[in-house]
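Let's look at a protein model together and ask why its parts get the labels they do. Keep the picture open as you read.

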Amino acid sequence: MEENTKNLEIYVHIPFCLRKCGYCDFLSAPASRDTREKYVRALEREIRGRAAQYRDYHVATVFIGGGTPSVLEPGQIGRILDAVRCLYRFSPQAEITMEANPGTVNRTSLAGYRRAGVNRLSLGLQSSWDEELKALGRIHTWRQFQDAYAAAVAAGFTHINVDVMSGLPGQTPDSYETTLRRVAELAPPPEHISAYSLILEEGTAFWERYGAGELMLPDEDTERALYQLTREILLEYGYRRYEISNYAKEGCACRHNRGYWTRENYLGFGIGAASLIENVRFQNGRDLAAYLEEPLWQREPLCRLSAAEQMGEFMFLGLRLTAGVGEQDFLDTFHCGLEQVYGEAICRHVGQGLLTWQDSGNGRRLCLTERGLDLANYVMADFLEPVIP
């Protein structure tokens, strides 16, 4: 990388899916083939129109998320990536991830995405039990996932993530353990597994059904057992937890997500896409029709983060990583000591066994303990409002 350039991560939002899942609160909806093509053209215009502002940045990662990006044709994904490659300083070793739904891909499309430049695939399995998938509203079966995974391997994908979920309607510790083992025993095994808990979001179909007493979810004790199973089972297969919900083989952590948690500069394209550039946060509007008409004029007002907000984000995001927050990194970034700002909170949570200091090659790091990871939101809440000396 040239001395005068800085790392930049790029996120591209694809707001389309074939059918909205009952738990999903992401900005996504079904759309016609014509609308999807118009959106790709608008993305190309936005990517071109913003390029001059980022000449001094070096693109290290691209993440195409959604929605379901795999509803787009490989040629459309190729056009998006070509626009980035041609107009931005693009690393030959860039990590380029695309999310895909197993019910929307086949051997031909996956080979096309690989040729387009995607080198890391994230497959949304969620469960290996068809009845659990049906309860979620997913459009694929376990067999379709297996076929999609085999097709991805045949297409040349060596970097694959698989998403699984716990806390599902009807899920038991036994059914969840089976899902984890089936995923870990795929041939070849995925290098990365993201394991999320189902969260009820206001405005979703699940939220309404739960409020009406129509949705039965595992109780708190069962959820806790599922959470513990994730770490124990995946560790058996050589997956190390490096973030609250993410596990990877040695050296296979997602570079894009790690950059997000360590507050690298990132630039979002597409409706609703958020950005953080030099501590200035901004976001594209969510109106699809307006974006298709003029994609460069759909940004919400800029927000420059205060020193307190920067510190809060630094801690809230950094503590999600099992490596924690470096004492020297905090000092280098903010020119004051970590304990100067957060001494009271650190002392309290260390005393409660939720935080611990660990030695590293570059000084101490403040990390959540295993118990602290279970109560992460409780701990992190005390780091959002720093007392700046």
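**Why these labels?**

Q: Why are strand β2 (residues 57-66) and strand β3 (residues 89-100) called a pair?
A: Six bridges join β2 to β3, and the two run parallel. Two strands pair if DSSP finds at least two bridges between them, so β2 and β3 qualify. One bridge links V59 to F90 in β3. Strands here are DSSP runs (E, at least two residues) and helices are runs too (H or I, at least four), numbered from the N terminus.

This is a predicted model, where local features need pLDDT of at least 70 and side-chain atom pairs pLDDT 80 or more, while totals for chains, interfaces and linings use all residues. Residues are numbered from 1 along each chain as its sequence is written, and side-chain values use heavy atoms, leaving out hydrogens and water.

Q: What makes β3 and strand β4 (residues 120-126) a pair?
A: They share four bridges in the parallel sense, and pairing asks for at least two, so they pass. In β4, S122 is the bridge partner of E99.

Q: How do you know that strand β7 (residues 240-243) and strand β8 (residues 246-248) pair?
A: Three bridges connect them in the antiparallel sense, which meets the minimum of two, so they count as paired. R241 stands opposite Y247 in β8, and a hairpin joins β7 to β8 through two residues.

Q: What makes M311, G312 and M315 in helix α11 contacts of helix α13?
A: They meet L338, V341 and Y342 in α13; contact means heavy atoms within 4.5 Å, so these residues fit the term.
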